[in-house]
Amino acid sequence: MFMKKFLGLFAIVFLGNLVSVHACTVTIDHGTSCTVSDSSGCVAGNYIYVSNYLGVIKLNTEECEEVTTPGYYKRKSFAITMNGDGKLYLAKDTSAGLLSGSISAQVVVKSITNGFEVVSLESTKKYLVIDKGKLLGGDYGEIIVIDNTLAIADGISGSDYCVDKNWNVYDRKTGLCEAVVDEGQEDCTSYYNCSAGKACVVSNANTKRSNDCIPTTTSKCPKGYYLVKEDNGEAAFVTNPEVTDGSLFYCDGESNCVDRKTNANAPLGYLVNASGFGYIVCTSSTACKLATIADSCTSGNYGALYDSGNKLCIFSGEEKYITTTSASIHIISKSAELFGISLEAGKFIAIEIDSDKNILVVDPTDSVGYYITGESNTAALTSASSSGSLYQCEGATNHLKCSSVTGTNIPNGFLVNAGNGVSGTAPYIECQGATGCKAIAISGTSCAETADEGSNVVTTGALFKQGGSGNIKICIVDKSVEIKSESKGKYFISTDGGLFGLADKADHFMVINIDAVGNITVDKGKQQKHVRYRYTNGDTILIESRATASGKTGDGQICGSGANPTEYILDEWDEALTTALGGSNFYYVKEE
C-alpha cells in the first residue's frame with residue numbers, strides 16, 4: 001500500500017539509486033533489498049539517505065535495511081533530540097501534510113534511536129504523550145492523555161491509571177483485559193495520576209485505601225454518608241469539627257453517589273461517617289459538620305451523643321438515653337433545640353435509628369399518624385403489647401410534631417400504627433378511650449357470630465384477614481368491611497357484647513368512621529355531631545350523607561325510584577342533656 005512519509009526533512013520519492021556517505025556505500029532496491037558494498041565508514045544505527053529512499057545500518061555494519069515506516073529520522077546533526085526512549089510525543093507536522101494529511105496539523109510520533117516514527121492512532125484508545133511544544137495548552141513538556149482526534153481525554157481523571165508498553169491508557173480493570181505488557185508481567189507497564197487528561201505524573205505508591213473513595217471523584221464508594229471539602233484544589237474528607245461548609249454525599253454502595261447538601265436535601269440528624277471519623281450532624285438541609293461527642297448526659301447536653309456515640313442523651317431530670325445500636329423509631333420530647341428544630345414545650349418529635357445506626361429525624365412525608373411507645377421508654381412498639389403511650393403526629397416543616405394523647409382524648413377503635421414499619425407485626429393500635437391503648441397483631445382469619453380463638457375466628461368489632469392473607473377487614477357479621485381507601489365512610493355496627501371498651505346496649509348500634517388512612521374510630525364525643533336521624537340504603541350498613549344522597553337516583557340507589565331507606569334514630573336525644581353529657585349519647589336504634 002502506498003504510504004506518505006517525511007524523513008530527515010526531505011520528501012522521499014520511490015526511485016532506486018546509489019550513494020556513498022563517508023565511505024559507507026549502500027544500494028537500495030526499493031521494496032526488495034538494501035545492500036552495503038563498502039562498510040568501512042558505516043556506523044550501526046545510522047540512517048543512509050539514498051536519493052529518495054532511506055536505509056538503516058544494522059548491528060552488523062555490513063548489513064542494512066530499507067526504512068518504510070513514516071516518521072522523522074536523524075541524518076548527521078539535527079535540531080530535535082532523538083534519544084530512542086520509546087515515548088510518544090505530540091509534534092507539529094512540518095511535512096506540509098505528507099505525514100498527517102493536513103497542513104499545519106499535529107502528529108503523534110514515537111521516539112526511536114536517531115528518529116521518530118509516526119504513530120497511527122486508533123479510535124478506541126487513549127494515548128499518554130509528551131507535549132513538548134505546548135500545542136494543547138498547559139506547560140512545555142507536560143504529559144497529557146489524548147484520543148485519536150488529538151483532543152485532550154478529560155475523562156482520564158484520578159489516580160493509578162494503567163499505561164501499557166504502547167503508551168495506551170486504561171482504567172485498571174479495563175487494562176486487565178486490554179493492556180499490552182511484557183510476557184510474565186502482572187502489573188501494567190506503569191501507572192499514572194492525571195487531572196482531566198492533563199498534568200499526568202508517574203504514580204510510584206498506592207494511596208491509603210480510605211482515600212481511594214472520594215465521592216466527588218469516583219462513584220464506587222462503600223454505602224454510607226461522607227463529608228468532603230476542597231483542600232488545595234482537591235477533595236478531601238473533613239476531619240475538623242470546626243469546618244461548617246463541607247459537602248454531604250450519600251453513596252448506595254454500588255455505582256451512585258449523590259451530593260445531598262448541594263441539592264438541599266441533607267437529612268436532619270446524626271449520620272454515621274462512612275470515612276471513619278465518627279458521626280456527621282446535619283441541622284438543616286444544607287448545614288452539616290462533624291458531630292462532637294459529649295462526655296456525659298446532663299441537662300445541657302440534651303440531644304447530644306455520648307459514650308463514644310453509643311448513646312443519645314434525652315435527659316429528663318436525671319440521666320436518660322437511647323441506645324444508638326438498635327434500629328427503632330423513638331418519640332422524644334422537644335424540650336431543647338435539636339437538629340435545628342426549636343424547643344416547644346409539651347411537644348415531641350419522631351426520630352429513627354436505622355439499620356446502619358444513622359439517627360434521623362423522621363421525614364413528615366407519608367409518616368403522619370398515630371404512634372405507640374412503651375410506657376417506660378421512647379421506642380415505638382412494633383409487636384403486640386399489653387399497653388402503651390399514644391401519640392398523634394402531624395407534619396411540620398422538615399419533621400413530625402407529635403402530641404401525647406391521654407385520658408378522654410383517646411379515641412375508641414383501631415388506629416393504624418404508623419411506627420410499625422415494613423417489618424413490624426403490629427399494624428394496628430387498639431384503643432378503649434381513657435382506659436388506654438395497646439399494639440395488636442392481626443390473628444383472625446374469618447368472621448362469625450361467635451368467636452373461636454383457637455380457630456382464629458373473630459366476631460363483630462374485631463379485625464381479621466380472610467384466610468390469613470389480603471387486606472385487613474373489620475368483622476361485622478355478614479357485612480364485613482375491607483379496610484382500604486375506597487371504604488372511607490361511616491358505618492353502623494351493632495353494640496351487642498360491647499365494643500372498643502364501650503358499654504353493651506342490646507339492639508343498639510353505634511357509628512364507626514373509617515378514614516382514608518384506615519383508622520376506625522367510634523363517632524362520639526368531640527367527633528360526634530349528634531345527628532338525630534341517619535339513613536342507610538335498605539339493609540346495608542354504610543351511612544348515606546344528605547349531601548350526596550340526593551344525587552343517587554339510579555336503580556337500587558337510596559333516592560332511586562321505589563327505594564326504601566332504613567332509618568336509624570339517635571336514642572334518648574335531648575339537646576340540653578346532650579350538652580351536659582358532652583356528647584355521651586351516641587347509641588342509635590333501628591326503625592321497627
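**Note on selected strands and the largest nonpolar core**

1. In this predicted model, three strands form an open sheet in the order S6-S7-S8, and their pairing is antiparallel. The edges are taken by strand S6 (47-50) and strand S8 (64-66); each has a single partner strand, so one side of each is left without a neighbour in the sheet. Direction ignored, neighbouring strands of this sheet are turned by 30° against each other on average.

2. Within this sheet, strand S7 (residues 53-57) is joined to S8 by three bridges, and the two run antiparallel. Isoleucine 57 has cysteine 64 in S8 opposite to it.

3. A further antiparallel pair consists of S10 and strand S11 (residues 106-112), with five bridges between them. In this pair, glutamine 106 of S11 lies opposite lysine 92. Strand S10 (residues 88-92) is largely enclosed by the rest of the structure, because four of its five residues are buried, that is, under 20% relative accessible area.

4. The largest nonpolar core has 22 residues, of which Leu463, Ile474, Phe500, Met510, Ile512 and Ile520 touch the most other members. At least two residues of this core come from each of strand S41 (472-474), strand S43 (489-494), strand S44 (509-514) and strand S45 (520-522). S44 provides the largest share, three residues.

5. The surroundings of leucine 463 deserve a separate point. Neighbours within four places in sequence left aside, leucine 463 is in contact with Phe414, Tyr428, Ile440, Ile442, Gly444, Val458, Ile472, Lys473, Ile474 and Ile520. Among these contacts, Ile474 and Ile520 are also named with Leu463 as core residues that touch the most other members.

Key:
Residues are numbered from 1 along each chain as its sequence is written. This is a predicted model: local features need pLDDT of at least 70, side-chain atom pairs count only at pLDDT 80 or more; totals for chains, interfaces and linings use all residues. Side-chain values use heavy atoms; hydrogens and water are left out. Buried means under 20% relative accessible area, exposed over 50%, partly exposed in between (1.4 Å probe, protein chains only). Two strands pair if DSSP finds at least two bridges between them. Axes are lines fitted to C-alpha atoms, for helices over the stretch in contact, and angles run from 0 to 180 degrees between N-to-C directions. A nonpolar core is a set of buried Ala, Val, Leu, Ile, Met, Phe, Trp, Tyr and Cys residues joined through side-chain atoms within 4.5 Å. Contact means heavy atoms within 4.5 Å.
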